[in-house]
Amino acid sequence: MGSLISEFLKLKRSMSWSVVILLPVLMVFFGSFSTFVGEGEFTEGWDTLWIRTVGFYGMAILSIGIAVLASLVWRVEHKNSNWNALMSRSVPTSQIVIGKIAAIWVLAAVMQVIFMATVIVLGKFIFGLPGMLPTDYYVTGALVIVAQLPVIAFQSALSTFFRSFAAPVAIGLLLTGASTMALLMKIPGIIATPYALLTQTTQAGSAAVMSGSTSFDVSALTPGVVGITLGLSAVLTVVIVAGTSMILNRSDTRA
């Protein structure tokens, strides 16, 4: 518990909040206004707005944003003697790892909430779309918050072992691109990897299921899909946390 409280206190003065706020807002503005300028309207109302904003954001930008957040959260620990102070604390290594993941997850969850809030505000008050955002998209948004955990855990692990700010972000970029390509190529089982799972989840339940407007399979929001997403997120996160803790315990960083 002490590690969790310590990490949350650090978030008060973190530079990460600028990423949390600006990234989703800018992506929603870019996706919505480029569609409006190019087509003059959202032909399918909220469905079109959602697809045009979540498409590129979910397939590339979201995972990269998480990578940046992880590097920012870990950056302070790699300065001066902060690393030695952190790793010499009388708490289990897993508690330190989980504390960092929890801090990044809070940031990423707020980022997702801001993304959805921006979509709603623009759709309702700027573009005057009738009704409200369909319920399925709220469910998708909640699932995304959960599906972010494996990516967060992996990026946190990378930022644990790399002192460089840019290296984990670059690796995250490569893995995001590779996962998206694997989804496009419909490689069996790819959804069981962190980045592909998150990308697939961002597109779940969209009208693209009906229109076939994506190049990879998009899942409808069925109880089975929800269960698989939750299960895979939990298993992948546990495996990554266990692996990170084991490597740290076998190193001399706590000596």
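How many helices and how many strands does the protein chain have? Colour the chain by secondary structure and you will find 10 helices and zero strands, where helices (H or I, at least four residues) and strands (E, at least two) are DSSP runs numbered from the N terminus. This is a predicted model, in which local features need pLDDT of at least 70 and side-chain atom pairs count only at pLDDT 80 or more, while totals for chains, interfaces and linings use all residues. Residues are numbered from 1 along each chain as its sequence is written, and side-chain values use heavy atoms, with hydrogens and water left out.

Next, colour by pLDDT, the predictor's confidence in each residue on a scale from 0 to 100. The protein chain averages 88, and 90% of the residues score at least 70. Confidence is highest in helix 6, at a mean of 96, and lowest in helix 9 (residues 208-211), at 51. Where pLDDT is low, the predicted coordinates should not be read in detail.

Now select helix 3 (46-75). Of its 30 residues 23 are buried, so helix 3 is largely enclosed by the rest of the structure; buried means under 20% relative accessible area, exposed over 50%, and partly exposed in between (1.4 Å probe, protein chains only). Follow the helix to Gly 58, the centre of a kink of about 60 degrees, the bend at a residue being the angle between axes fitted to the seven residues ending there and the seven starting there.

Keep helix 3 on screen and add the largest nonpolar core, a nonpolar core being a set of buried Ala, Val, Leu, Ile, Met, Phe, Trp, Tyr and Cys residues joined through side-chain atoms within 4.5 Å. This core holds 53 residues, and Trp 50, Phe 115, Val 119 and Leu 133 touch the most other members. Among the elements that give two or more residues to this core are helix 2 (16-39), helix 5 (93-126) and helix 10 (223-250), but the largest share, 15 residues, comes from helix 3. Centre the view on Phe 115, which, not counting residues up to four places away in sequence, touches Pro 24, Val 28, Trp 50, Thr 53, Val 54 and Tyr 57; contact here means heavy atoms within 4.5 Å.

Two further residues of helix 5 deserve a selection. Lys 100 is found in this helix and counts as buried, at 0% relative accessibility. Leaving aside neighbours within four places in sequence, Lys 100 is in contact with Glu 7, Lys 10, Val 73, Trp 74, Glu 77 and Ser 156. Ala 109 also has its place in helix 5 and is buried, with a relative accessible area of 14%. With the same neighbours left aside, Ala 109 is in contact with Ile 145 and Gln 148; Ala 109 and Ile 145 are 36 residues apart in sequence, yet 5.4 Å apart in space, C-alpha to C-alpha.

For the next stop, select Lys 10, Arg 13, Ser 14, Leu 72 and Val 76, which, of the 13 residues lining the largest pocket, lie nearest its centre. Helix 1 (2-11) and helix 3 are the elements that give two or more residues to this lining.

Finish at Lys 186, in the loop between helix 7 (166-184) and helix 8. Phi of Lys 186 is near 55 degrees, a positive value in a residue other than glycine, and at 45% relative accessibility Lys 186 counts as partly exposed.

Methods
On a 1 Å grid over the protein atoms alone, a cavity is a set of points where a 1.4 Å probe fits but cannot get out, and a pocket is an open set with protein on both sides within 12 Å along at least five of seven lines; lining residues have an atom within 4 Å of a point.
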